[in-house]
Amino acid sequence: MPDTIDSPSLVSSLTSRSVHNGTTNTTTQFSVVVPTLNEADNIDLLLTRLFALNLPPDNFEVIFVDDGSFDGTQDKIRAWVKRKNVRLIERREKPDLTASILSGVAIARSNVIVVMDADLSHPPDRLTAVVEPVLSGSYDIAVGSRYVPGGGTEGWPLHRQWLSRIGCWLARPICDVSDATSGFFAVRKDLIATITERARGYKILLELLVAGQGKIMVVEVPIRFRDRTRGVSKLSFSHQWTYLQRLSTLAGGTISVNTASKFAMVGLCGVIVDTLLFQMLVIYETGLAQAHIVSFFAAATVNYSLNSKWSFRSHHAGYLRWDQFGRFLMIGMFALLLRGGVLALLVYGWHVPAELAIFPAIAATAVVNYLGSAFYVFPVKENPPSLEIRWRIASVGVVAFILLLRLVYLGQAQLIPDEAYYWNYAQHMDLSFVDHPPMVAWLIWLGTAIFGDNEFGVRISAFICGLVTMSYLYALTLNLYDKSTSMRTMLLLAILPVSFAHGMLMTPDAPLLATWAATLYYMERALVAGRNSAWLGMGIAFGLGILSKYTLGLLGFAALLFMILDPTARRWLFRPHPYLAATLALLLFSPVIIWNSEHNWASFLFQSRRVIGVGMDNQFSIQYLPLHILVLLTPVGLIAATLALLSSGDHKSPHARRHRLFVWIFTGVPLAVFVVISIFNAPRFHWTAPLWLAVLPTIAWMMGKTGDLQNVARRLRSAWKPTIVATIFFYAFVLHYVVLGIPGVPYPDLMKHYFWRETTREIEQVVEEVRRQTGQNPIVVGMSKWSVASALSYYKQSGNDMDIRSRNMFGGSGAMYDFWSPSQSPSTRPIILVGMKRNHLEHDQLGNDLGQMLDRPGPILYRAIMRDNKQLRGVYYRIAQGYLGKAN
C-alpha cells in the first residue's frame, strides 16, 4: 500500500543537496516538466509562483514541452528562457501528453522529474511537498493526490468529479494509489525507462505505477486541485476512451474500438442465428431450457469462427488451438448458464414473452463473452502484465461474475425448506426463537417489507451479508498482508462452498459469516494493532453475531486465549475496553435473554442439549469432520488451509509472529471445540464454515509467495486454477438446473426436498377436493419436524386459508411449531398428511402407528409433480376423516 504524508519543512534539505546526473555533476536537483497546448494566459503566473518559492532558482529547472500551440504560448515561454532556468521543446508530432512528457524527460539535467500541468490546477506551492520524498530517497514516486485526507478538488462541476473518481476506481485493481489519474507527481528519472513504447494517452503516472508494481515505493501527498480559471480544458471523450483502452491493455485485455466493433458485428450474426433458432424451437414447444441452450451453441460456433479469424485475428495463431478453444468454451458455458437465469427472471419473474426475453438475455451475456474473450481467450501477447496483476484481474472478474450469478438467480430459485422455516419466523415475529436467535427473522422481515413476499425479498439480506463478509475480510487481509493478497482472498471467498451458499441462501449462517468477519477485523485492530476505538466495533459486531447464531461466542474464548498468550495484548486484561465491549454485546443480545427468561430458558437448553447430544443418539462422529471440511473448502482448499496453519512461513518479525498467532488461535479454538463435539455427537457439515474465514488470508498470501515458499505457491496456483473453474461451473450449472433444468438430465430423488411451489399447487388441489367432498376445511399436517409445513405455508397461494400444522400434532418435537401450534384437541375435521417419504405417513417419531390417532385413515397415495412434461419430484399424502388425539 502507498504511504500518505503531509508537507514537512523542506527548504533546508532542498538547498543543501546536490544530485549527480550520469557523469555530469550539476546543482540542478530536480526538473519540472510541463506539457502545454494553448496555455498562453497561464505561463507568466505559473512561473512567477514557481520561482517565488523559497528555493534557490538554480536548484531546479522548468522544461516546457509544447504540442503545437497557436495562441502565443511559445512566445511567452521564450521570454522566460532568457531570464530563468527555463527550457522549451517544440514538438511537431501529433499532440500526445505521454509523448510530450517523455520528450521533456529526455533532456532533463537531473535524476528527479516532477510533472505538473500548466493551467495552475496543480498548486505550485505544493511542489516542494511532492518532490521531497523522492529527493530524500525515501520513495521512488510521490503522487500529488486529491483523494487522500487533506486533498480535494475545488471548482470542478459534479460530472467532472465523478469522471475523475470513476477513472481512479477503474485503475485500483492494477495499482495501489488513490489518485492514479493525477497529473502532478515526482519520480526517479530511471523509472521512466520502464514504460513500454506502446504507452500513450494522458495518464503517464498509471504507466509508471503498473510497470513498477510491487517493486517501487510510492507515497501520496495531499493537494487541493483547483479548476483552471484561464484557457480551455483539453480533456475530451477521445482522451477518456484512450485511457480506458490503455487501462485494459495494462490489465492484459485486448479491448479496443477495433476489436469491440468487430466483435459487435460478429455478435450481430450470432444474434440472428440465436434468435431465429430460439424462436423456432419455442414455437415447437421444446421447452425454454432446450431452446436457449441449442440456439446458444449454434450461435457460439459461428461467433468463435469469426472472432478467431477476424475480431481478434492479431491475437490468434491462425489455426485451431485447443487450449484457446477450451477457454472459449468455458467462457461460453459461463455465459450460457448466466443467460438461463436472465431468461428465467424475464419470463417467470417479469412475465415477458420468451420471444422477446431472448433479446435482453443475449445482450446481457454478450458482455460476459466479450470481456472473457478480451481478457482470457485472446489476451495481450506482447508485454503481458505481471503474474500479480493477472491474479488481480482474475479476482475482479471472478468476484463480479459470482455476484452477478447470485443476483440473477436470487429470486428465481425456489426457497429450500430451511429458508421457508425462517420465513415463518418472520411471520411470527418475536424477540428470539427456540432453535436460533432472531437476526435471520429480522432480516427476512426487512427484505420482504421492502421487496415483497417473494424469494428475492427473502434472500436479498443474504446477498448483502455476503458483501459485508467480503468487505470486512478484504480489510482484515489488508491489515495482515497487502492489497494483492486481499484481492486473492476475495477470489477464494467467492468460489469456495464455505461462503457461496451463505451469500445466497437466507439462513442464520448468512449474518453469522458477516458478523464473524466483522468481529475478526475489529479483534485484529484491537488486539494486534492496539486501537482503542476498535473495541466499540468489536462489541457491536460480537453482539450482532450472537444475535445471528450462538456459534460466534467461540470468538470470545479465542480473544481471551490470545490476550493470555500474547504479552502485548495481555495489557487489555487490566483495562476497561474489553469489559465495556462485552457489556455492549450483552446489551445487544438482551432480546434473546428476555425471550429465554419468559420461556423457561428453552433456547439455551435446546442448543446445549444439541451440542452435547443429550436426548439424541450419541455417536462418535469425528471421522466425518474432515469430510465436512472437504465439502466446505474443496480438496485444494483443505490442503492449502493445512499448509497455512502448519507452515512457519516468513513470519520472522515480532509483528508478523503476532499476526500468525492471531490466525492460529482464531482458527484453532473454534476448530478444537467442533472436534470435541464430534466425539460425542454428529455436527452439521456447515457448522465449521465461519472458522475458516480467519485462515483464508494466509491461504491467499501463500499463493503469491516467493523465496522459501515459491515452489509451494506455484503448486497451489496450479491447483487453484482448475478448482476455480470447476466451482464456478458447478454453481452456475446447479442454479440453471434447479430453475430451468438441463435437457436430458432427470431430477434425482434428492429433489424431494425442493420444488415446493409445484408441490403446494398439487396439495392445494387435494385440499380443494376434500373440501368439496366433506364441506369442511381440512387440517394439513406436514409430516416432518418443520420443513414440509414451512414450505407449504410459504408457497400456498395468496388468499388460500389452508390450515397447516407440523408433525408435533402427533407427538415429538416440531421446533418452533411447538410454540406456534402447540396442541390440537380431537377433531372431526378431515386430516391430510403430507410427507416426503412413505414411512413418514405410517409411524410417528417413536414408531407409533399413526393410524391409531386418525379416524378412518385412507391409503397412502403418491402424486408425481410435473413441469413441462418432466417429473420434478413426488409427494406422498394420506387423507383421514378426523383426528383422535395423541397416542398415550
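Of the 888 residues in the protein chain, 56% are buried. Keep in mind as you look around that this is a predicted model. The chain's secondary structure amounts to 31 helices and 19 strands. If you count contacts between residues at least 6 apart in sequence, 76% of them link residues at least 24 apart. On the outside, the chain exposes about 37400 Å², and 61% of that is supplied by carbon and sulfur atoms.

**The nonpolar cores**

Let's go inside next. The largest nonpolar core holds 181 residues, and Phe666, Trp692 and Trp720 have the most contacts within it. Helix H11, residues 322-349, provides the largest share of this core, with 13 residues. Apart from it there is another core, made of 35 residues, including Ala108, Val210, Ile216 and Ile389.

Which residues does Phe666 touch, leaving aside its neighbours within four places in sequence? Its contacts are Leu520, Met523, Leu527, Leu555, Ala558, Ala559, Phe562, Leu691 and Ala694.

**The largest pocket**

Now for the open spaces. The largest pocket has a volume of about 2000 Å³. Its lining is built from 49 residues, and those nearest the pocket's centre are Ile416, Pro417, Asp418, Leu505 and Phe685. Several helices each supply at least two residues of this lining: H14 (417-427), H18 (497-500), H24 (602-612), H25 (625-646) and H28 (710-739). H28 gives the largest share, six residues.

**The largest cavity**

There are closed spaces too: a search of the whole structure turns up five cavities of 30 Å³ or more. The largest cavity contains about 70 Å³ of space. Around it you will find Arg406, Cys465, Gly466, Thr469, Met470, Leu493, Ser499, His502, Gly503, Ala510 and Leu513. Helices H16 (455-480) and H19 (509-528) each contribute at least two residues to this lining, and H16 gives the most, with four.

Here is how the two linings divide by residue type.

| Lining | Nonpolar | Polar | Charged |
|---|---|---|---|
| Largest pocket | 29 residues | 10 residues | 10 residues |
| Largest cavity | five residues | five residues | one residue |

For a place to start exploring, try Phe666 in the largest nonpolar core, then move on to Leu505, one of the residues nearest the centre of the largest pocket, and finish at Met470 in the lining of the largest cavity.

Definitions and conventions: Residues numbered from 1 in each chain as written. Predicted model: local features only at pLDDT ≥ 70, side-chain atom pairs only at ≥ 80, totals over all residues. Heavy atoms only, no water. 1 Å grid on protein atoms, 1.4 Å probe; cavity = no way out; pocket = protein on both sides within 12 Å on 5 of 7 lines; lining within 4 Å. Points joined across faces, edges and corners; volume = space filled by probe spheres on them. Nonpolar A, V, L, I, M, F, W, Y, C, P; charged D, E, K, R; others polar. Core = buried A, V, L, I, M, F, W, Y, C linked by side-chain atoms within 4.5 Å. Buried < 20%, exposed > 50% of the residue type's maximum accessible area, 1.4 Å probe, protein only. Contact = heavy atoms within 4.5 Å. Areas by Shrake-Rupley, 256 points an atom, 1.4 Å probe, with all protein chains shown as cover.
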